[in-house]
Amino acid sequence: MGGCHMGFLLCCSLLFAVMASSGSLRNLPIIAFEDGYTPLFGDHNLAIHRDGKSVHLSLDERTGSGFVSHDLYLHGYFSASIKLPADYTAGVVVAFYMSNGDMFQKNHDEIDFEFLGNIRGKDWRIQTNVYGNGSTSIGREERYGLWFDPSEDFHQYSILWTDSKIIFYVDDVPIREVKRTESMGGDFPSKPMTLYATIWDASDWATNGGKYRVNYKYAPYVAEFSDLVLHGCAVDPIEHVAKCDNAQGSEAVPSGVTPVQRTKMGNFRLKHMTYSYCYDTVRYKVPPPECVINPQEAERLRKFDPVTFGNGRRHHGKRHHRNRGSQKEAAASF
C-alpha cells in the first residue's frame, strides 16, 4: 500500500490509468468479509459462510440486512458475485452500491446497482443509477433484463469508478458507461464513498410501481454474496490521505472498455435495456445535457411500461424493515 497526500486525487486516478485495460475475473484480488466489511444492520439476518469469504443477507417480516465497507474510497474497482433469491420476489430489492450520504447529507454522491424482484414467472430486473453532489432531482436510472436467471447461480457485478468515467459490469460484459462531461458539472460523483450491500422491502415502488408487494409467506428472502473485491484508494476522512491498493491480483482489474467489450456492451443494451432516463419525456421535457439521443433507441424503449422509482437511501429508518442452453447462446451473442 502506498500513500498519496496533497495530490491524492491525481495519484489515485493514475493508479487505474496504468492498469491493464481488461482482466480475468478469475484472478481478481478477492478478500475475506472481515478484511473489508462490517455488518450494517439486520442482526442475525446477516450470516457469514465459507471460511469468512461469503455472506448471506436475509429479509423477513422483522428486518432486512446489510453490510458496509470499513473504508471510504476515492475511485477504484468494486465487485461481488451475487446469487439472488428465487421464486416470488416482488417488492424485494437487493442493492450493491456506493454512497457518502452519511457524511454529505445535502450533497451526497452515489453509484448504484439495484436488483428489483418480481412476481413468479417474471424475471429479476437490474437498475443502475448515478448521483453527484446531491443531484437527486435528476435521476440517471437505466433498467435492463438479463440473459440468465440470476437466482440460479452466482454472477459477478462490478463497478469501475475513475475521475473520468463509471462503468457497470455484469460478469465480463460492460452494460453501461457514464463519462464525465463538462455539461454534467458537479453531477458526476467526485467525493469519497463507502460501499454498501443491502436487502430490503421496497414494496411501495419496486414491482410495477407498488402493485405487487413483498409476500412474507415466501420469506426468508436470501441474497448470497461471495468473491468480494474492494480494490481502490482508501481515504482517511479526517486527514484526507489516500492509500491505494496494489494487492496481488491487481493486474486482473479492468480500467476501461476494450473494443471487444464495447461491441458486447452495444449488443447488450440493444437487446436488454428497457428504460433510460434520457428518453423519459414525462420526467424530463428536455433531456439532461449529457444525453445523446438515438431516435431508433427512443422508439424501441417506448414500447416498455412506464417505471416508478423509490426515493431515499437503503439503510436508514424504515428501510431497515427493508434454461441454461439458451442462456449460453444469449451470452455468446454479445
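How many aromatic pairs does a search of the whole structure find? The search finds 16. The model is a predicted one, and the tour below visits some of these pairs, then the disulfides and a single threonine.

**Whole chain**

Start with the cartoon view. The protein has 5 helices and 17 strands. Colour by accessibility next: of the 334 residues, 56% are buried. With the surface switched on, about 15100 Å² is exposed, and carbon and sulfur atoms supply 51% of that area.

**Aromatic rings**

Select Phe-113 and Phe-168 and show their side chains. Among the 16 aromatic pairs, this one is edge-to-face, with 5.3 Å from centre to centre and 85° between the planes. Phe-113 belongs to strand E8 (residues 110–116) and Phe-168 to strand E12 (residues 165–170), so the contact links distant parts of the chain, 55 residues apart. Are these two rings buried or exposed? Phe-113 counts as buried because its relative accessibility is 0%, under the 20% cut-off. Phe-168 is also at 0% relative accessibility and therefore counts as buried.

Move to Trp-147 and Phe-148. Their ring centres are 4.9 Å apart and their planes stand at 90°, so this pair is edge-to-face. Trp-147 is buried, with a relative accessible area of 9%. For Phe-148 the relative accessibility is 8%, so this residue counts as buried.

Now select Phe-33, Tyr-37, Phe-67 and Phe-225 together. These four residues form one aromatic cluster.

For a ring with a charge over it, select Phe-104 and Lys-191. Lys-191 lies over the face of Phe-104, and the distance to the ring centre is 5.2 Å.

**Disulfides**

Select the cysteines and show the sulfur atoms. How many disulfides does the count come to? The count is 2.

Zoom to Cys-233 and Cys-244. These cysteines form a disulfide, with 2.3 Å between their sulfur atoms; the pair counts because that distance is within 2.5 Å. Looking along the S-S bond, the torsion is 105° and the link of Cys-233 and Cys-244 is right-handed. Cys-233 lies in strand E15 (residues 221–235) and Cys-244 in strand E16 (residues 242–244), so the bond ties together parts that are 11 residues apart in sequence. Cys-233 is buried, at a relative accessible area of 0%. Cys-244 is buried as well, at 4%.

Go on to Cys-278 and Cys-291. A disulfide joins these two cysteines, with an S to S distance of 2.0 Å. The angle about the S-S bond is -80° here, and the link of Cys-278 and Cys-291 is left-handed. Both cysteines sit in the loop between strand E17 (273–276) and helix H4 (295–301), 13 residues apart. Cys-278 and Cys-291 are both buried.

**Thr-198**

Finish at Thr-198. Which strand holds Thr-198? It is strand E14, which covers residues 194–201. Thr-198 counts as buried because its relative accessibility is 0%. Add Glu-114 to the selection and draw a C-alpha to C-alpha distance: Thr-198 and Glu-114 are 9.5 Å apart in space, while 84 residues separate them in sequence.

Technical notes
Residues numbered from 1 in each chain as written. Predicted model: local features only at pLDDT ≥ 70, side-chain atom pairs only at ≥ 80, totals over all residues. Heavy atoms only, no water. Helix = DSSP H or I, 4+ residues; strand = E, 2+ residues; numbered from the N terminus. Buried < 20%, exposed > 50% of the residue type's maximum accessible area, 1.4 Å probe, protein only. Areas by Shrake-Rupley, 256 points an atom, 1.4 Å probe, with all protein chains shown as cover. Phe/Tyr/Trp six-rings, centres within 6.5 Å; stacked < 30°, edge-to-face > 60°. Lys NZ or Arg CZ within 6 Å of the ring centre and 35° of its normal.
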